[in-house]
Amino acid sequence: MFQLHYIDAVQRQFLVPFSLLAQQVCLFSLIIVVKKVDKKYMISDSILHIRKSYKLQSMIALFFLAIFALLKQIAVTHFFVESFFYLTILLLTLNLIVYSTAYLYSKYYQEQLKKEVLFEQYNQELEKITISDEFRHDYRNILLSLSDYIEQGENKKALNYIASITDYSRNFLDDDSYEDLGNIPIPSVQGLLLYLIEMCNKEQIKLHLVVPDIIQEHDISIRLIDFLHCLSDLSDFAVKETKNGKEKSLYMIIKKEVNVLYIELTNTTQPENKVAKVTEPLKIPKKYYKENGLSTVIKIVHQYDETDFSLQSSGNHFLALLTL
């Protein structure tokens, strides 16, 4: 305003302290507003869920941001008022475009994850219907065979026949890992669990996924991206330990109680139905966590209050419990 002769030197000297203070107040207010908007719409966390890195696009955007910021600083130094305002508007517009594009891409990926989960569930249901149709055709023959054995008094053969049918059907009657995915309507978590299911199928590990309650995003007391890091590292550890063990069964229980969320991973054959908080202190050396890719889990847990991680190991069996 002084350069444009809207105020004189005396007024400028009087207004400078107020101007500096007003700048800080405006900056602080804008930071508060942006943080509230970011928290409400989860913009930063959504961007972190993008699968690809988009390095080239990010470098181009950063280059233009740096160029415009430098030009704006030159305009301030030489008092090019019009150029300063134009460059400010350009910077704000470019920032808005970059963040909006990244946010929309993240939403696109989350929708793709939803479609992928629904597609897998659809395939599972279709397979069940096909098996049911096949069994409907075989049911009459099974009854006739059993009737013949019973009429002839060959009860032992009838029992052996029933046992053979049971053994044959066991694979079809096992728990469906995809069924409980619907109880976690969080696309990024569903995608991670879907990856765990596929990894277990690849390693020929029978995964028993138990999610008895609906888990919403507000039930997770830590940042979602930190929760995903923990869940990913624990899943990799669990698959590796189960693959090296004798029994190829892995149990994952995600259970919600009052103000508490439990995530339990174990390869014991008979895990406890009721998840209890493990209060024993960690006795496993730090080197073990680092070698097994769990050091990130420990670091994240230490960042939050009322968040615990326990790991118990005995021979080829383990039990990992994350408590939020």
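Helices here are DSSP runs of H or I with at least four residues, strands are E runs of at least two, and both are numbered from the N terminus. With that in hand, Phe-63 sits in helix 3, which covers residues 55-77.

A word on the ground rules. This is a predicted model, where local features need pLDDT of at least 70, side-chain atom pairs count only at pLDDT 80 or more, and totals for chains, interfaces and linings use all residues. Residues are numbered from 1 along each chain as its sequence is written, and side-chain values use heavy atoms, with hydrogens and water left out.

## Surface patches

Phe-63 belongs to a nonpolar surface patch of about 740 Å², together with Leu-56, Ile-60, Phe-64, Ile-67, Leu-70, Leu-71 and Ile-74. To get into a patch, a residue needs over 30% relative accessible area and no salt bridge; nonpolar side chains (Val, Leu, Ile, Met, Phe, Trp, Tyr) are joined within 5 Å, and like charges within 9 Å. The areas come from the Shrake-Rupley method with a 1.4 Å probe, and for residues only the protein chains shown count as cover.

There is a charged patch as well: Lys-202, Lys-240, Lys-243 and Lys-248 form a positive one. For the bookkeeping, Lys and Arg count as positive and Asp and Glu as negative, while His and the chain ends are not counted. Each charge is placed at NZ of Lys, CZ of Arg, CG of Asp or CD of Glu. Of the patch members, Lys-243 lies in helix 7 (residues 224-244). Is Lys-243 buried or partly exposed? Lys-243 counts as partly exposed because its relative accessibility is 36%. The classes run like this: buried is under 20% relative accessible area, exposed is over 50%, and partly exposed is in between (1.4 Å probe, protein chains only).

## Salt bridges

A salt bridge here is a side-chain nitrogen of Lys or Arg within 4 Å of a carboxyl oxygen of Asp or Glu. How many salt bridges does this rule give? The count comes to 2.

One of them pairs Glu-154 with Lys-157, at 3.9 Å from N to O. Glu-154 is partly exposed, at 25% relative accessible area, and Lys-157 is partly exposed too, at 46%.

Lys-256 and Asp-219 make a salt bridge as well, their closest N and O atoms being 3.4 Å apart. This pair ties together distant parts of the chain, 37 residues apart: Lys-256 is in strand 2 (residues 249-257), and Asp-219 is in the loop between strand 1 (206-210) and helix 7. Lys-256 counts as partly exposed because its relative accessibility is 29%.

## Loops and backbone

Two loop residues have phi values worth a look.

| Residue | Phi | Loop | Relative accessible area |
|---|---|---|---|
| Asn-259 | near 60 degrees | between strand 2 and strand 3 | 77%, exposed |
| Glu-306 | near 55 degrees | between helix 9 (295-302) and strand 4 (308-314) | 74%, exposed |

Why look at the sign at all? Most residues other than glycine have a negative phi. Asn-259 has a positive value, and so does Glu-306.

Another loop, the one between strand 3 (260-266) and helix 8 (286-291), holds Asn-267. Asn-267 is buried, with a relative accessible area of 2%. What does the side chain of Asn-267 reach? It gets to the backbone nitrogen of Phe-318, at 2.9 Å. That kind of polar contact is a pair of N or O atoms within 3.5 Å; within protein, one must be able to donate a hydrogen and the other to accept it, and residues adjacent in sequence count only if both atoms are side-chain atoms.

## A few distances

Phe-14, in helix 1 (residues 9-41), is exposed at 55% relative accessibility. Its C-alpha is 19 Å from that of Cys-26, which is 12 residues away along the chain.

Gly-182 is in the loop between helix 5 (155-173) and helix 6 (187-202) and is partly exposed, at 43%. From Gly-182 to His-229 is 47 residues in sequence and 21 Å in space, C-alpha to C-alpha.

Leu-321, in strand 5 (residues 317-323), is buried, with a relative accessible area of 2%. The C-alpha atoms of Leu-321 and Met-42 are 27 Å apart, with their positions 279 residues apart along the chain.
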